[in-house]
Amino acid sequence: MFHPRARVMLAFALPAIIIGVMSSLVLVFVMMISGALQNLLWGNIPAVLNINTQSASWTLFMLTLTGIGVGAIIKYMPGHAGPDPATESLIGAPVALNALPGLALALMVGLAGGVSLGPEHPITVINIALVAAIGSRLLPAVPTTDWVILAAAGTIGALFGTPVAAALIFSQTLGTNKDVQLWDRLFAPLLAAGAGAITTDQFFQPDFSLSIPSYDAASLMDIFSGSVVVLIAIALGMIAVWLFPHVHRMFNNIQNPILRLGIGGFVLGLLALTGGEITLFKGLDEMKELAHSNALFEMGPLLAITLTKLAALVVAAACGFRGGRIFPAVFVGVSLGLMLHQYAPDVPAAVTVSCAVMGMVLVVTRDGWLSLFMAAAVVPGLKLLPLLCIVMLPAWLMLAGKPLMQVAKQRLNRQVTEED
C-alpha cells in the first residue's frame, strides 16, 4: 500500500509525535513555574509587605537579587547550568544531562525576576538533550542529528503555537540533500512541531498579534517606507551586535558568576528605571500592552523604551543570564515601529511595526524565514506578505557578511577552566 519512502516516514511518525508532546510539556512546566514565581515575587510578597513594585528601590533590589540567585545556580549546580547563551545559536548539539536541572532553574528564576530574555534557547537546549539521550538509548541506530532536529522542531512548534515556523526554519537546513525530497525530510519535524503546537494550545495559546489597524490596501510607496524602516532597525540592531562582544568581555573579566550576574542584574535595574517596568521580562505580554496603550506614549518615551530594551537585551545576554534573544528582539522591533509610525503617521502602523520587527529579528537571528514569520505573526494580514518579502531583499543585502550577535567560544576557554 505504501511506497518504501512512505514507510520510512511512517517509522518516524510516532516518535515525532511523542517528542513534540514532550517538548511542549517541558515548556509548559517551565512557564507555569516561572509565572507562579513571578506572581510571588512581584505580586504576593510586595502586597504582604506593602511595597510599591514600581518604586526604584524595589526594581533595583529584585533585579540584583535575581542576578545573585542565577549566579549562585551557575556556580554551584552541576554543569554550570548549561552553556553560555552568548556563544550559542538557537539549535546546537546536545549538552550533558547533569546541566539540565541547573539550566531550567536558572531560566525560571531569570524569567520570574524580570530579566529581558526569552525562554526559547534554554528550552530548546533542554529538549534536545533529553530527546537525544532517550532516543540514542532506545534506538541507537538513529543518528543523533535526527533526534536534535525532532526535538528542536517540537520545541519551536510549542513556542510559537504553530508548525509553520519550524517548517520555514528547517526548509533551509534539510533541503540540501538532493537525494531525498524536501517534504520527505520535513515530514517527521512537521509532525513533531504540530504535536508541540497542539499540546501547548491545551494550556495557553502563544499569540504574537497586536491590536493595531490591519493593512488593507497595498501601496508602492509603502514598499519604499518599509525598506527605510527595516534599514533603520538593522542599523540600530547592528550597534547592539557591535557592542555585544565588548560587553560580554567586560562582564566575563569578573570570574565569580554570583558577582558578575549580581552586577548585571543591578545594571538591568538601572535600565528599567529609564525605560519603565514595561521593559522588564521577556517582552511578549509587554509588547501587547505597549501596542494597546500606544496613544499614551509620545516619541520620546517610545525612543527611551526602544533603546532601554535593546540595551537590556545586550546586558542580560552578555553577563550570563540563561535565556533567548528572539522574544526581546521582537519587543524592540514593536517599540521602534510604533515610534516611527508616530514620526511618519502617513505610513501605516502595520508597515512600520512589521518591518521593524523583521529587521530586528533578522539582525539577532540572521534567519530570513524566522524573521519573516515573526513579522507576519505580529501583524497578520495576507496583503502584508508581498511587501515583507520585497523589503526583505535589501535588508538581506545589508546584512550579508556582517557579524552575528554571538561570541566566539574560544574567548571563554580560560574562564571556564578557572571556574572548573
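These are legends for an overview and several close-up views of one predicted model.

**View 1. The whole protein is built from 17 helices and 0 strands.** With a radius of gyration of 21 Å, close to the 22 Å that the globule rule gives for 420 residues, the protein is as compact as a globular protein of that length. If you boxed up its C-alpha atoms along the principal axes, you'd need roughly 65 × 60 × 40 Å. Of the 420 residues, 55% are buried.

**View 2. Helix α14 is mostly covered.** This helix takes in residues 349-365, and 16 of its 17 residues are buried. Its length works out nicely too: at 1.5 Å a residue, α14 should span 24 Å, and its end C-alpha atoms are indeed 24 Å apart. Right after the helix comes arginine 366, which has a positive phi, near 55 degrees.

**View 3. Cysteine 355 and cysteine 389 don't pair up, and the structure holds 0 disulfides.** Why is there no bond here? The sulfur of cysteine 355 has its closest cysteine sulfur in cysteine 389, but that's 11 Å away, too far for a bond. Seen from the other side, cysteine 389 is in the same spot: its closest cysteine sulfur is the one in cysteine 355, 11 Å off and again too far. As for their surroundings, cysteine 355 counts as buried because its relative accessibility is 0%, whereas cysteine 389 is partly exposed at 39%.

**View 4. Lysine 288 and aspartate 207 meet in a salt bridge.** A search of the whole structure turns up 1 salt bridge, and here the side chains come to 3.8 Å, N to O. Lysine 288 sits in helix α11 (residues 284-292) and aspartate 207 in the loop between α8 and α9, so the pair ties together parts that are 81 residues apart in sequence. Are the two partners buried or exposed? Somewhere in between: lysine 288 is partly exposed, with a relative accessible area of 25%, and aspartate 207 is partly exposed as well, at 39%.

**View 5. Leu25, Met32, Phe203 and Phe204 make a nonpolar patch on the surface.** Together, these four residues offer about 360 Å² of accessible area. Take a look at phenylalanine 203, which lies in the loop between α8 (182-201) and α9 (220-252). Its relative accessibility is 43%, so phenylalanine 203 counts as partly exposed.

**View 6. Methionine 405 and valine 364 are 41 residues apart in sequence, yet 5.8 Å apart in space, C-alpha to C-alpha.** Methionine 405 belongs to the loop between α16 (384-399) and α17 (413-419). Though it's in a loop, methionine 405 counts as buried, because its relative accessibility is 3%.

**View 7. Leucine 303 and leucine 336 come from places 33 residues apart along the chain.** How far apart are their C-alpha atoms in this model? The separation is 7.1 Å. Leucine 303 is part of helix α12, which runs over residues 299-319. With a relative accessible area of 39%, leucine 303 is partly exposed.

Technical notes:
Residues are numbered from 1 along each chain as its sequence is written. This is a predicted model: local features need pLDDT of at least 70, side-chain atom pairs count only at pLDDT 80 or more; totals for chains, interfaces and linings use all residues. Side-chain values use heavy atoms; hydrogens and water are left out. Patches are made of residues with over 30% relative accessible area and no salt bridge: like charges are joined within 9 Å, nonpolar side chains (Val, Leu, Ile, Met, Phe, Trp, Tyr) within 5 Å. Accessible areas come from the Shrake-Rupley method with a 1.4 Å probe; for residues, only the protein chains shown count as cover. Helices (H or I, at least four residues) and strands (E, at least two) are DSSP runs, numbered from the N terminus. Buried means under 20% relative accessible area, exposed over 50%, partly exposed in between (1.4 Å probe, protein chains only). A disulfide is a pair of cysteine sulfur atoms within 2.5 Å. The expected span of a helix is 1.5 Å times one less than its number of residues. The radius of gyration is taken over C-alpha atoms; the globule rule is 2.2 Å times the number of residues to the power 0.38.
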